[in-house]
Amino acid sequence: MTEADPAKTPALRLQGVRKNYGQVVAVAGVDLVVDEGEFFTLLGPSGSGKTTLLRLIAGFERPDAGRIELGGRDVTSVPPHLRDTNTVFQDYALFPHMSVADNIGYGLRVKGVAKPARERRVQRALQMVRLEGLGLRRPNQLSGGQRQRVALARAVVNEPEVLLLDEPLGALDLKLRQEMQIELKQIQKDVGITFVYVTHDQEEALTMSDRLAVLANGQIEQIGSPVDVYERPATEFVAGFIGISNVLTRDGVRFVVRPEKIRMLAEGEEADPGMTVELGRVEEVIYVGMNTRYVVHLDRGEQLVAVRQNMDALGDAQKFEGRPVRLAWTPDHTFVLE
Ligand code: ADP
Ligand code: MG
C-alpha cells in the first residue's frame with residue numbers, strides 16, 4: 001500500500017499545515033492523507049516537528065496556515081475535546097491513587113457513560129491489552145510494560161476515530177520495547193482504530209507501520225510503505241536516516257547500495273555475470289552479534305559498508321582488517337538519488 005485510497009473518505013487529511021514558534025519553523029507545510037484503519041507513522045530525528053504535528057492534529061496547537069480534516073470534517077478550529085481523537089504520550093501519567101480499572105474507565109465516567117456499560121467496556125479493554133484480572137491493582141503494582149498497556153487501554157476504550165501516539169514506547173528498555181511493538185500492532189489490527197504513531201526509531205517504524213512519513217526540518221521527505229522507503233528512498237536524507245546509506249557517485253550520478261546487497265568475494269571467486277565489481281581494502285571490521293560489518297575503502301576513493309551474517313560463528317572476521325577485497329553487487333539492487 002503505497003498511497004492512500006482516493007475512493008474513501010480518509011481518517012485524516014492535512015493540507016499545507018504550517019506552525020511557527022517565533023523564529024522557529026516547527027512544521028513547514030505538510031500535506032498528508034491517512035486511511036481509515038491504517039497504522040501510519042511519523043518518523044524523523046529529534047526536532048523534526050513530529051510532536052508539533054501530532055499536537056496540531058489533536059488540537060492542542062492551532063496551525064498558522066493550512067487545513068486539518070478528521071473523517072472528512074474540517075476541524076482546523078475545533079478544540080481538542082470536540083475532536084474524535086485521543087492521545088497517548090511517552091510519559092503516560094496514570095492516576096496513582098486510582099485502580100487500573102478506574103484509570104481506564106475515567107474518560108467514560110467524565111463522558112457520563114452509565115456504570116454497567118462502563119464496566120463492560122473496561123473489562124473488554126483489559127482483555128484487549130491482556131491485563132485481565134489486574135483491574136484492582138494500583139499503577140505502582142505494575143511493570144513498565146503493563147503500565148504502558150493501561151495507558152493504551154485508557155485511550156482505546158474511548159473508541160476514538162484516530163489514536164495519536166507520541167513515542168509511547170520510548171521509556172521502555174529495548175527488549176520490552178520490541179515485544180510491545182508487536183503487541184501494539186496486533187491490538188491496532190484487532191480494534192481497527194486508525195493509529196498515527198510518532199517515533200524517531202527507524203526499526204520501530206519499519207516493524208509496525210502500514211505506511212510512514214519521514215520528516216526532516218518540519219517537512220515530509222517521503223511517504224510510503226516500509227519497503228518503499230527502505231528499498232527506494234527518495235532523498236539522501238531518507239537513505240541515510242533509514243539504514244546505512246552507502247552513497248557512491250559514478251559518471252555524475254549519485255546512487256545508493258545497501259550493505260546487505262553487497263557480496264564480499266572470496267579469493268578466486270568469480271562474480272556473477274552482470275555484477276558490478278569494485279576493488280578496495282577493509283579498513284574496519286565491526287562485530288555486531290548477528291552479523292559483521294566491513295567498512296571498505298574503495299580504490300577509487302569512496303567508502304562502502306558491507307554486511308555479512310555470522311553464519312559460521314568463528315569470530316575470526318577481524319583477520320580481514322587491512323586486507324584487499326573485491327565487492328560485488330547487482331545493478332538492480334542499487335537506486336539513483338534525485
Ligand atoms: P520532535 O517531536 O520531532 O522532536 P518538535 O515538534 O517537538 O520535534 O519540535 C520541532 C521544533 O519546534 C524544534 O525546533 C523545537 O525546538 C521547536 N518547538 C517545539 N515546541 C516549541 C514551543 N512550545 N516553543 C518554541 N519552540 C518549540
Ligand atoms: Mg517529540
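Where is the place of Asn-246? Keep that question in mind while you open the structure, which is a predicted model, and select residue 246 as the opening stop of this tour. Asn-246 sits in the loop between α8, which covers residues 236–241, and β11, which covers residues 247–250.

**Stop 1: Asn-246 and its contacts**

With Asn-246 selected, display its side chain and ask whether this residue is buried or exposed. Its relative accessible area is 5%, and because buried means under 20%, Asn-246 counts as buried. Now add Val-257 to the selection, and you will find that the side chain of Asn-246 reaches the backbone oxygen of Val-257 at 3.0 Å. Add Val-305 as well, since the side chain of Asn-246 also reaches the backbone oxygen of that residue, here at 2.8 Å.

**Stop 2: the whole chain**

Zoom out and colour the chain by secondary structure, which shows eight helices and 18 strands. The C-alpha trace of the chain spans about 75 × 45 × 40 Å along its principal axes. Of the 338 residues in the chain, 47% are buried.

**Stop 3: the surroundings of ligand 1**

Select ligand 1 next, and then show the residues that surround it, which are Tyr-21, Val-24, Ala-26, Pro-45, Ser-46, Gly-47, Ser-48, Gly-49, Lys-50, Thr-51 and Thr-52. If you colour this shell by residue type, it divides into four nonpolar residues, six polar ones and one charged one. Which elements each supply at least two residues of the shell? They are β2, residues 24–34, and α1, residues 50–58, and the largest share, three residues, comes from α1.

Now look at individual atoms, beginning with Gly-47, where a backbone N or O atom lies 2.7 Å from an oxygen atom of ligand 1. Move on to Lys-50, which has an N or O atom in its side chain 2.8 Å from an oxygen atom of the ligand. At Thr-52, an N or O atom of the side chain is 2.6 Å from an oxygen atom of ligand 1. Taken on its own, ligand 1 has 560 Å² of accessible area, and the protein covers 59% of it.

**Stop 4: the hairpin of β1 and β2**

Stay with β2, and add strand β1, residues 12–21, to the selection, because the two strands pair in the antiparallel sense over eight bridges. To see how the strands line up, pick Lys-19, which stands opposite Val-27 in β2. Then follow the backbone to the turn: β1 and β2 form a hairpin with two residues between them, and Gly-22 in this turn has a positive phi of about 55°.

**Stop 5: aromatic rings**

A search of the whole structure finds six aromatic pairs. To view one of them, select Phe-39 and Phe-195, whose rings form a tilted pair with 5.4 Å from centre to centre and 40° between the planes. Phe-39 lies in strand β3, residues 39–43, and Phe-195 lies in strand β8, residues 194–199, so the pair ties together parts that are 156 residues apart in sequence. Both Phe-39 and Phe-195 are buried. If you now add Tyr-197, you have a cluster in which ring pairs link Phe-39, Phe-195 and Tyr-197.

**Stop 6: the partners of β17**

Select strand β17, residues 324–329, together with strand β13, residues 263–265, and note that they pair in the antiparallel sense over three bridges. Within this pairing, Met-264 stands opposite Leu-327 in β17. Strand β14, residues 276–288, also pairs with β17 in the antiparallel sense, over six bridges, and here Thr-276 stands opposite Trp-329.

**Stop 7: two glutamates in loops**

Select Glu-159, which is found in the loop between α4, residues 144–156, and β7, residues 162–166. Glu-159 has a positive phi of about 50° although it is not a glycine, and its relative accessible area of 47% makes it partly exposed. Continue to Glu-167, in the loop between β7 and α5, residues 174–191. Glu-167 is likewise not a glycine, and has a positive phi of about 45°, but at 14% relative accessibility it counts as buried.

**Stop 8: Tyr-106**

Finish at Tyr-106, which has its place in helix α2, residues 100–110. With a relative accessible area of 32%, Tyr-106 is partly exposed. Add Phe-95, eleven residues apart from Tyr-106 along the chain, and you will find the two C-alpha atoms separated by 9.6 Å.

Terms used: Residues are numbered from 1 along each chain as its sequence is written. Chains are lettered from A and ligands numbered from 1 in the order in which they are written. This is a predicted model: local features need pLDDT of at least 70, side-chain atom pairs count only at pLDDT 80 or more; totals for chains, interfaces and linings use all residues. Side-chain values use heavy atoms; hydrogens and water are left out. A residue is near a molecule or strand if one of its heavy atoms lies within 4 Å of it. A polar contact is a pair of N or O atoms within 3.5 Å; within protein, one must be able to donate a hydrogen and the other to accept it, and residues adjacent in sequence count only if both atoms are side-chain atoms. Accessible areas come from the Shrake-Rupley method with a 1.4 Å probe; for residues, only the protein chains shown count as cover. Helices (H or I, at least four residues) and strands (E, at least two) are DSSP runs, numbered from the N terminus. Ala, Val, Leu, Ile, Met, Phe, Trp, Tyr, Cys and Pro count as nonpolar, Asp, Glu, Lys and Arg as charged, and the others, Gly among them, as polar. Rings of Phe, Tyr and Trp (its six-membered ring) pair if their centres lie within 6.5 Å; planes under 30 degrees apart count as stacked, over 60 as edge-to-face and the rest as tilted. Buried means under 20% relative accessible area, exposed over 50%, partly exposed in between (1.4 Å probe, protein chains only).
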